[in-house]
Amino acid sequence: MAEAADIDFNLDSFDGDNARASDVVGACNTLPFASERRLVIVKNVEKMSKDAQEEMVAYIADPSPTTVLVMVAAKLAKNTRLFKAVDRQGGASEYSAPRKSEYPGEVQRLFADKGKQIPLRAAELLVNAVGYDLRRLSVEVEKTVAYVGGKARITIEDIEEVASTTAETSVFEYLEALGNRDCRTSLRLLAGLIADGESVHGIHAMSIRLIRDLITARAMIDRGQGSLPGIARAVGRPDWQVKQLPRQAQGFTADQLADILRAAASAEAEMKTSRDSRLVLELWVVKVCA
């Protein structure tokens, strides 16, 4: 087994949006240093060109025995040669987020994995406090388990004691409110994100991505191509992540969205020089909702 310190010498990470397959294959064929294994990670592998994916297919047919290659895709069709090549090696796994109604059950499962029981009402309370974010929910479960110690059953009072002081605002809740043009909720959630330590500039970047997605959805709707699967493919995300997008896009005109995007560019420039970048962002949010 490699020591923890060896990971710096035996880890390569690539982004399929700009990675060359030859570089990835080269990293995979490099022998590990002072370790039994190397780890090579390729994110957004679905964004690799067709030729690059073909090079990866050729490598996967005869991979290096000393390298673990992890390829991550937001969505990759099962009929592609790349998926089939990975599947033949027994390495294809699919992970999808649960529906909102399934989150309390997921919380119960997380507690069960820790040897704890939690009633459905308490699990629902935790989801309401933390939001639909599995990573944060997992952290809250860990903290709750540590808080209750040897007690086998988690109560509503336990969740209130732990989650009430630690729950954070989800950026996705903020984006949903912004897309709904709900000014009061957007500003409230924005304040919560900033209080939780989120970067104003990072929130602004996520907001711009939402506006670009709305522009795409609005254009497809205007062309009579506004189906959810089609919009999801156009913005490059799974259906469940953008299921609100068609409805939200119909709340804007194409001209309004263009004006909002131009205002976002002006706000970005102003935020770089302003002494109160939060105020600049808040004013832009008001413009979106108006």
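## Contacts and overall make-up

Among the contacts between residues at least 6 apart in sequence, 68% join residues that are at least 24 apart. This share, like every value in this report, comes from a predicted model. The protein has 290 residues, of which 38% are buried, and its secondary structure consists of 14 helices and three strands. Taken along the principal axes, the C-alpha atoms fill a box of roughly 60 × 55 × 40 Å.

## The three-stranded sheet

The three strands form an open sheet with the order 1-2-3, and their pairing is parallel. Strand 1 and strand 3 stand at the edges, where each has a single partner strand, so one side of each is left without a neighbour in the sheet. From one strand to the next, the twist averages 15°.

Strand 1, which covers residues 11-15, pairs with strand 2 in the parallel sense over five bridges, and within this pairing Asp15 has Lys43 of strand 2 as its bridge partner. Between these two strands the chain passes through helix 1, made of residues 21-28, in a β-α-β crossover that is right-handed. On the other side of the pairing list, strand 2 is joined by five bridges to strand 3, residues 67-71, and these two strands also run parallel. Here Arg38 stands opposite Thr67 of strand 3, and the chain travels from strand 2 to strand 3 through helix 2, residues 50-61, in a β-α-β crossover that is right-handed. Another bridge partner in strand 3 is Leu69, which belongs to Val40.

## Two faces of strand 2

Which residues of strand 2 lie on its covered face, and which on its uncovered one? In this strand, residues 38-43, the covered face holds Arg38, Val40 and Val42, whereas the uncovered face holds Leu39, Ile41 and Lys43. This fits a general pattern, because in a regular strand the side chains alternate between the two faces of the sheet. Helix 1 lies across strand 1, strand 2 and strand 3, and runs at about 160° to strand 2.

## Helix 5 against helix 7

Two packed helices are described by the angle between their axes and the distance between the axes. For helix 5, residues 120-130, and helix 7, residues 156-163, the axes come within 9 Å and cross at roughly 15°. That makes helix 5 roughly parallel to helix 7, since angles under 35 degrees count as roughly parallel.

The crossing in which helix 5 passes helix 7 is right-handed. On the side of helix 5, the residues that meet the other helix are Arg121, Ala122, Leu125, Leu126 and Ala129, and in helix 7 they meet Ile156, Ile159, Glu160 and Ala163.

## Two single residues

Is Ser277 buried or exposed? Ser277 lies in helix 14, which covers residues 277-289, and with a relative accessible area of 18% this serine is buried, because buried means under 20% relative accessible area. When residues up to four places away in sequence are not counted, Ser277 touches Val200 and Met271.

Pro229 has its place in helix 11, residues 228-235. At 37% relative accessibility, Pro229 counts as partly exposed, because that class lies between the limit of 20% for buried and the limit of 50% for exposed. Pro229 and Asp113 are 116 residues apart along the chain, and their C-alpha atoms are separated by 35 Å.

Notes: Residues numbered from 1 in each chain as written. Predicted model: local features only at pLDDT ≥ 70, side-chain atom pairs only at ≥ 80, totals over all residues. Heavy atoms only, no water. Buried < 20%, exposed > 50% of the residue type's maximum accessible area, 1.4 Å probe, protein only. Helix = DSSP H or I, 4+ residues; strand = E, 2+ residues; numbered from the N terminus. Pairing = 2+ DSSP bridges. Right-handed = clockwise from strand over helix to strand, strands pointing away. Axes fitted to C-alpha atoms, helices over the stretch in contact; angles between N-to-C directions. Contact = heavy atoms within 4.5 Å. Parallel < 35°, antiparallel > 145°, perpendicular 65-115°, else oblique. Left-handed = near helix turned anticlockwise from the far one by under 90°.
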